[in-house]
Amino acid sequence: MKSVEVNANNHWLGFALSLFTAVLWGVLPIFLKLCLESMNAVTITWYRFLVAGGFVFLVLQNKKALPKVNIIKSKVWWLIAASLLLVVNYVANVQGLEYLAPETAQVLMQLAPFLLMLGGIVFFAERLSRLELLGAFCLLLGMFLFFNERIEQLFSSFNEFTLGVLIIIFAAVTWAGYALIQKPLLRVLSAKQL
């Protein structure tokens, strides 16, 4: 009986953490847009990586879970590629916010998991269930409905809006590439180490 209570508590803790994460991802573009008033995209990204890297290093050091040097050496090119793609994603995402409203950038970044899904199909021969196909269709339909009044503006001339959309799409592609590279790395590193 006690294990059922623990599982139920874990379920609610997981739900609360997922909800908290969704809220943070939702407000992130707003805060990044505010940061752009005093810093450029590269500086913002540098600070984000410095703080996150320092925090993760301390957590891994405290748990004595830092990755072994020989493991890092064996996957160094994968790690460099993943790191570069993530840095480019972060910089491009912030750069796109210079031309777009935060809500537009956030909606466009939903292409990233969609592209990850397509990459899983192409590179790892993954199969989609009918429910996943329905979800992909709903995502694309939702994006079309979100942009339906601006589609003509998007394709009629090259303006700041079009440039912002292209930059965010590029950011989504780089994030999907980063996420796809993680799959072979997860065979030798934990998610926290990555």
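These are my notebook entries on a predicted model of one protein chain.

**Entry 1: the overall plan**

I started with the whole chain. I counted nine helices and zero strands. From the N terminus on, the order of elements reads α-α-α-α-α-α-α-α-α. I then looked up the extent of the C-alpha trace. Along its principal axes it spans about 55 × 40 × 35 Å. The chain has 194 residues, and 26% of them are buried. I also checked how far apart in sequence the contacting residues lie. I took the contacts between residues at least 6 apart, and 80% of these join residues at least 24 apart.

**Entry 2: α2 against α4**

Two packed helices are described by the angle between their axes and the distance between the axes. I looked up both values for α2 and α4. Helix α2 covers residues 41–62, and α4 covers residues 76–96. Their axes are 9 Å apart, and the angle is about 130°. Therefore α2 is oblique to α4, since the angle falls neither over 145 nor within 65 to 115 degrees. The crossing of this pair is right-handed.

Next I listed the residues that meet. From α2 come Ala41, Val42, Ile44, Thr45, Arg48 and Phe49. From α4 come Leu86, Val87, Tyr90, Val91, Val94 and Gln95. I sorted them by class: nine are nonpolar, two polar and one charged.

**Entry 3: α4 against α9**

I turned to the pair α4 and α9. Helix α9 runs over 160–185. The axes of α4 and α9 come within 8 Å and cross at roughly 155°. That angle is over 145 degrees, so α4 is roughly antiparallel to α9. Here the crossing is left-handed. This contact has 18 nonpolar, seven polar and no charged residues.

I picked out Asn93, which sits in helix α4. Is Asn93 buried or exposed? Its relative accessible area is 13%, so Asn93 counts as buried; the cut-off for buried is under 20%. I left aside its neighbours within four places in sequence. Asn93 is then in contact with Met109, Ile168 and Ala171.

**Entry 4: the nonpolar cores**

In soluble globular proteins, nonpolar side chains tend to be buried together. I looked for such groups here. The largest nonpolar core has 22 residues. Which of them touch the most other members? I found Val94, Leu100, Leu108, Met109, Phe161, Val165 and Ile168. Helices α2, α4, α5, α6, α7 and α9 each give two or more residues to this core. The largest share, six residues, comes from α9.

I followed Leu108 further, again without its neighbours within four places in sequence. Leu108 is in contact with Leu100, Met143, Phe147, Val165, Ile168 and Ile169.

Apart from the largest core lies another, of eight residues. Among them are Leu79, Tyr90, Ile181 and Leu185.

**Entry 5: two positive phi values**

Most residues other than glycine have a negative phi. I noted two residues that go against this. Phi of Lys64 is near 55°, a positive value. Lys64 lies in the loop between α2 and α3 (69–74). Its relative accessibility is 76%, so Lys64 counts as exposed.

Phi of Ala125 is also positive, near 55°. Where is Ala125 placed? I found Ala125 in the loop between α6 (111–124) and α7 (130–147). Ala125 has a relative accessible area of 63% and so is exposed; the cut-off for exposed is over 50%.

Methods:
Residues numbered from 1 in each chain as written. Predicted model: local features only at pLDDT ≥ 70, side-chain atom pairs only at ≥ 80, totals over all residues. Heavy atoms only, no water. Helix = DSSP H or I, 4+ residues; strand = E, 2+ residues; numbered from the N terminus. Buried < 20%, exposed > 50% of the residue type's maximum accessible area, 1.4 Å probe, protein only. Axes fitted to C-alpha atoms, helices over the stretch in contact; angles between N-to-C directions. Parallel < 35°, antiparallel > 145°, perpendicular 65-115°, else oblique. Left-handed = near helix turned anticlockwise from the far one by under 90°. Contact = heavy atoms within 4.5 Å. Nonpolar A, V, L, I, M, F, W, Y, C, P; charged D, E, K, R; others polar. Core = buried A, V, L, I, M, F, W, Y, C linked by side-chain atoms within 4.5 Å.
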